[in-house]
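Visitor: Hi, I have just opened this one and do not know my way around yet. Could you walk me through it?

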Amino acid sequence: MRGFRWPPPPDSGPRTWGPGPGGPRTGRPALPEPETELVTTPHGVRLERLVTGTGDPVTVFAHGLGNGIATTRPFGSGVTGRKVFFQFRGHGRSEAPDGPWNYLDLARDLRAIADLGGASRAFGASLGAGALCRLLAESPERFEKLVFFLPAVLDEPRGPVARERITDLLEAVESGDASAVADVVSLEMPAAVRNTPAGWAYLRQRLDQLLRDGLAEGLTTLPEQTSLRDISDLAAVTAPALVIACAGDDLHPVEVAERLAAALPQATLHVYDRPGVLWTERADLRDRISGFLNE
């Protein structure tokens, strides 16, 4: 990775090569990754897990496709009690049993981690939101509070733009070409931050993780699948829910969030007026999630 020079170095950063002295000057050293553990689940798949915080209640956090613990932790920064983060099968150090997989498999991963950690609340982002929906269709009373961030799929397959983006990521990671992976990952960030120290640091983190751990082949068919047989399967879920969407997000259409909020009997919908809220509305997003879960 030291010879990798993409994107161009940020204007405020150095102009030398490589991630060492050539990395952006952020004003503070990068924090080491926290130590995680591998836990054996009742369905026989060992999953990578990180537990932070103390006391009750316990909240489980489910990440999006191609993401993981590192990108999910910011959502829990203001949440009280214990927080359980994990990697779905085929991500990070979690095992990758023979595929292809479906949302029922992901729901089993989520349920196992929640049960092992004693979680009474759940957060799901994108793919994780789909897995959470499938779990709730099977067990509508499993959690006391729910947060869905950028839900992407319910009972209809994802659109062509989303399928193409996810397929491009999986193919780029499989190729091992850092530039190809960077081309796809950079689209996760608003254009205004891609050539900044923060954007550079995020890109480095994502590349290091994806090129180190890869993404399993079993994930390739997920973009064509639905998480629910019928959205009416959620009618029995009575837990308070917060559904968060962003206008202009092609991968996570607002219409999906609207349908989800309408299907959940006790849901509140919040729509931000532009995508990239982890960059543009980070403090508000943190307060909104923690305020809902902590009240």
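Guide: Let us start with one pairing in the sheet: A241 has A267, in strand 8, as its bridge partner. Please keep in mind that this is a predicted model.

Visitor: Okay, and how many bridges join strand 7 to strand 8, and do they run parallel or antiparallel?

Guide: There are six bridges between strand 7 and strand 8, the latter covering residues 267–272, and the two strands run parallel. Strand 7 is also joined to strand 6, residues 145–149, by four bridges, and that pair runs parallel as well. In that second pairing, A241 of strand 7 has L146 standing opposite.

Visitor: Is strand 7 covered or open to the outside?

Guide: Strand 7, residues 241–246, is mostly covered, with six of its six residues buried. Both of its faces are covered, since A241, V243 and A245 are buried on one side, while L242, I244 and C246 are buried on the other.

Visitor: Which residues touch the most other members of the largest nonpolar core?

Guide: That core has 66 residues, and the ones touching the most other members are V60, L110, F143, L146 and F148. The element that gives the most to this core is helix 3, residues 127–138, with eight residues. A separate core of 20 residues lies apart from it, and F61, F85, L150 and V277 are among its members.

Visitor: What is F148 in contact with, leaving aside its neighbours in sequence?

Guide: Once the residues within four places in sequence are set aside, F148 is in contact with A241, L242, V243 and I244, with G124, A129, L132, C133 and L136, and also with L260 and L264.

Visitor: Let me zoom out. How many helices and strands does the chain have?

Guide: The chain has nine helices and eight strands. Of its 295 residues, 53% count as buried, and its accessible surface comes to about 13100 Å², with 49% of that belonging to carbon and sulfur atoms. Among contacts with a separation of 6 or more, 72% are between residues 24 or more positions apart.

Visitor: Now helices. Which residues of helix 4 are buried?

Guide: In helix 4, the buried residues are A162, I166, L169, L170, A172 and V173. They lie on the same side of helix 4, because they cover an arc of only 165° around the axis.

Visitor: Why would residues a few places apart point the same way?

Guide: An α-helix has 3.6 residues a turn, so residues three or four places apart point the same way.

Visitor: And what is on the face of helix 4 turned away from its buried side?

Guide: That face carries the exposed residues P160, E164, E171 and E174. The buried residues of helix 4, by contrast, pack against helix 5, residues 178–185, and helix 6, residues 197–213. Helix 4 has 16 residues and reaches 22 Å from its first C-alpha to its last, close to the 22 Å expected at 1.5 Å a residue, and just after this helix G176 takes a positive phi of about 75°.

Visitor: You mentioned helix 6. What covers its buried residues?

Guide: The cover over the buried residues of helix 6 includes helix 1 (69–72), helix 4, helix 5 and helix 8 (277–280). Those buried residues are P197, G199, W200, Y202, L203, R204, R206, L207, Q209 and L210. Helix 6 is followed by G214, which has a positive phi near 70°.

Visitor: Changing topic, where is E95 found?

Guide: E95 is in the loop between strand 4 (82–86) and helix 2 (103–117), and it is partly exposed, with a relative accessible area of 33%. Not counting residues up to four places away in sequence, E95 touches G44, V45, R46, R89 and G90. The C-alpha atoms of E95 and E48 are separated by 8.3 Å, although the two residues are 47 residues apart along the chain.

Visitor: What about V45, is that residue buried or exposed?

Guide: V45 counts as buried, because its relative accessibility is 6% and the cut-off for buried is under 20%. V45 sits in the loop between strand 1 (37–40) and strand 2 (46–52). Beyond residues up to four places away in sequence, V45 touches V39, T40, R89, E95 and P97.

Key. Residues numbered from 1 in each chain as written. Predicted model: local features only at pLDDT ≥ 70, side-chain atom pairs only at ≥ 80, totals over all residues. Heavy atoms only, no water. Core = buried A, V, L, I, M, F, W, Y, C linked by side-chain atoms within 4.5 Å. Buried < 20%, exposed > 50% of the residue type's maximum accessible area, 1.4 Å probe, protein only. Contact = heavy atoms within 4.5 Å. Expected span 1.5 Å × (residues − 1). Arc of directions from axis to C-beta. Areas by Shrake-Rupley, 256 points an atom, 1.4 Å probe, with all protein chains shown as cover. Pairing = 2+ DSSP bridges.
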